[in-house]
Amino acid sequence: MPRSKGVLRPGTSVLKGKASTLKLHGPVPSDASRLDLEDTNEWSRARALVKPDDQLDLSEAELKEEIARVLTIRTPQLSEGLVIWSHKEAAFVPRTVPTTGAVLLDVPSTCLHVDSPEAREQAAYLGPSGRITLADTLTLAAKAAPKAVREKSRKGGEDEEDEEEGDGDGDGDEGDGDEGEQGGQERGSVSEGAGDAPPPGAEAGAEKAADAGTDTRAEDGADGGDGEGAPDGEGAGDGEDGASLAEGEEGAEGEAEGGVAVAPRPVKKVANQFNFCDRAALTYNNPSRTLSTQTEPPPRAVFSEQVMQWIIYDAYQKDWEEKQAGKEKEVKQAPKQFGRQAERKLDERTNPNSSLNRSIRAAKTIERMLNQNTSDDIAKDCRYYEDGSDEFREGAGTLLPLWKFHYEPTKKFHVTNICWNPRYQDMFAVTLGYLEFMKQAAAGAVCVFTMKNPSYPEYVLHTTSSVMTAEFHHEQVNLLAVGLYDGSVAVYDLQLSQQDPVFRSDSVHNKHCDMVWQVTWGQDTADGELNLYSVSNDGQVFNWVLTSSTLHQTTVISLVLERGTPVAGPDGTTLTITGCGTAIAFHPTNPKVFLVGTEEGQVFKCSTEYTSMYLLSYSAHHMPVHRIHFNYYLPDIFITCSADWRIKIWEEGRTEPLFVFDLHCSVGDVQWAPYSSTVFAAVTLDGKAHVYDLNVSRYQPICVQNIVSRKKNRLTRLAFNKKHPLIVVGDERGTVTSLKLSPNLRVKPKATKKQAHLTPRDLEVLKMDKLLALVREPFILQRPPDAEQQPE
């Protein structure tokens, strides 16, 4: 009865190697074949495992239990559970462990899609079984061997066939059942048609392969071996596997010669797209270790301190004193220059007859000549031109544009103030900064221009902050006082060829706490020292005295707002509200009296002798006061302008304005004309210049002219020239435009026969007094109280 086909055991791979050796190199002696087969059988036998005495006995359930081992990237030597002291939490917090994993290899998959051409080609090559059997391998190897080797192998197989048959018949019953079955299975897989009469199993296998239409010679041989299990088993029991392999090869050759076998499949090498293997490893999990360290917590102390204004002030003052002490040490350590070389350098800077100064003056003269030739028409218009159309316009005039002054590096800065030099009437100073406080720059400049050279400034002074105001000294015209955005006050000497100021307030406590809106020179002290006054947004008015080396500061007055009801603080105390100073002007005849304007719209009359009270308070405007200016002919008349669109003319001692003008736009600046007591000019943010003459009209301006485009630019400041009929206006692009007033804007009063003895100044005063008499309230005589008569 045919045996069922068994599962190949581990010895099969050895037999395959033996079979390939026989086919390629011919038969070997039978004794050697038997010894080899015996060695193979010994290797394939189940070996007895040596069991230690102390081996743990496990039950069947425990043996079947699968214990998974995962290979991790955790470093056993790396300590876990580390802690670190946190000063914020005041406790130990766990410390993060860095990751130790890294990607070393990343290979993409080589799987093929079943519908791809490569997958179809590989499936056709493997056949329906999906794999190449050992018989196919032997057939291909035999056809690939040389012809002489095949003939020699065939003859050797015929000689061995007779011996194989005899040994198989005699020793078949003596072989071991298990070994016979195994040998039959192995020989059945490699022998087909070795004898003259094929066994029934082989014929059945051949018919089955023929019906399938494929080459299944290896499978037929295997079926034949299974059908004749007893004879093959007997032969295998004696260890004659070499003869069986030879017979299998001869049977394959015989079938090929007889025409029974199918044509061999062509050999084609196909790349194996699945050349990979899966490997798994079980590693030993190192036991976890716990490492703990006990440390002493860092020392702690409780600190508490009150922070108040004077404590902060003392800290800043102490820091400033330390810096000053350090500077003094540096000055002492600095080597002093002696000799003729140092004297020569000092002489070149200060001596006007030095070669350096002479060459600079020569270059400036040539530059002025070139500019005069270039702008000769404008220079002639400034000097001689008079608008003839004024004869046909009564009560109206025009402004003739002349030069435009600008400094290229400051073309985006705002013109914050303009002031003329009191001695050199063609020279004026322009301060450049930013009036938009959210757009402040880290630098500013002061440019000193002259009408003789409009192309480039005569002096350029660079500062570390925006310059808000400037003014020349009325006697020492080379001194220029400036106020900065950071609250500092500085004094420059234009005679010195240096950028640093000769005097500057300290940056800690000897300065304002907010920007300086205006500075003005005061009367010299009794000791002959120069002094100036400044007003700032911090509500303080300071007096600065120029000593030999520093600026000595004194507080004149604090601008405390007067309110009807006191303001209560959070703790129930009464708070003092301080105003923000924006403008200051001294009385022309009384140098101890001055007026201060604030952002709240109020104007205070103060005195340098009384620092705790006001002489008078004016409720002038509803918005910040931009300018206060006294009349040149009547010292008791002054004018103010504000951002509330209004210009008001006041008389000292009266709390109500004499004239009020509404310009329908914020007024940036206003000034009285120096040649007339009734003429004043103002500039507005819409780019227009307004000129009024109260002697012509008390309600409408006699000239309104656009200077810059309203959409792109705005006017900020103006200034009258005290000698020539000129005004200069500044805008927000750092440009200053000079304008000449037409004859109708500067009409002088004519004296009558009775007024022939009066001077022009007296005529201007009379003209203004007539206008003021129309608006002043009549003086009412009050009857004095009756004196009580004492009884006799």
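**Sheets, a buried hairpin and aromatic pairs**

In this predicted model, V535 has V541 of strand 14 as its bridge partner. The contact belongs to an antiparallel pairing of strand 13 with strand 14 (residues 540-546), which are joined by 5 bridges. Together strand 13 and strand 14 make a hairpin, with 3 residues between them. G539 sits in the turn and has a positive phi of about 80 degrees.

Strand 13 spans residues 531-536 and is mostly covered, with 6 of its 6 residues buried. N531, Y533 and V535 point one way from the strand. L532, S534 and S536 point the other way. Both sets are buried. Strand 13 also pairs with strand 12 (residues 516-521), again in the antiparallel sense, over 5 bridges. Here V516 of strand 12 stands opposite S536.

Strands 4, 5, 6 and 7 form an open sheet in the order 4-5-6-7, with antiparallel pairing. Strand 4 (414-420) and strand 7 (459-463) each have a single partner strand, so one side of each is left without a neighbour in the sheet. Neighbouring strands are turned by 20 degrees against each other on average, direction ignored. Strand 4 is joined to strand 5 (residues 427-433) by 6 bridges, and the two run antiparallel. W420 stands opposite F428 of strand 5. Y459 carries a charge over its ring: K364 lies over the face, at 5.2 Å from the ring centre.

A further open sheet of 4 strands has the order 26-27-28-29, also with antiparallel pairing. Its edges are strand 26 (667-672) and strand 29 (703-706), each of which pairs on one side only. The twist from one strand to the next averages 15 degrees. Strand 26 pairs with strand 27 (residues 679-684) in the antiparallel sense, over 5 bridges. V670 stands opposite A682 in strand 27.

S666 lies in the loop between strand 25 (659-662) and strand 26. Its relative accessibility is 11%, so S666 counts as buried, the limit being under 20%. Leaving aside residues up to four places away in sequence, S666 touches H626, S642, A643, W645, V683, T684 and L685.

Aromatic pairs number 20 in the model. In one of them, the rings of F586 and F594 have their centres 5.2 Å apart. Their planes stand at 40 degrees, so this pair is tilted. F586 is buried at 15% relative accessible area. F594 is buried too, at 1% relative accessibility. In another pair, F659 and F661 have ring centres 6.3 Å apart. Their planes meet at 15 degrees; the pair is therefore stacked, as planes under 30 degrees apart are. F659 and F661 are both buried. Ring pairs also link F659 and F661 with W672, F680 and Y692 into a cluster.

The cysteines give no such links, as the disulfide count is 0. Two cysteines illustrate opposite settings. C419 is buried, because its relative accessibility of 10% falls under 20%. C513 is exposed, because its relative accessible area of 74% is over 50%.

Key:
Residues numbered from 1 in each chain as written. Predicted model: local features only at pLDDT ≥ 70, side-chain atom pairs only at ≥ 80, totals over all residues. Heavy atoms only, no water. Pairing = 2+ DSSP bridges. Axes fitted to C-alpha atoms, helices over the stretch in contact; angles between N-to-C directions. Buried < 20%, exposed > 50% of the residue type's maximum accessible area, 1.4 Å probe, protein only. Disulfide = S-S within 2.5 Å. Contact = heavy atoms within 4.5 Å. Phe/Tyr/Trp six-rings, centres within 6.5 Å; stacked < 30°, edge-to-face > 60°. Lys NZ or Arg CZ within 6 Å of the ring centre and 35° of its normal.
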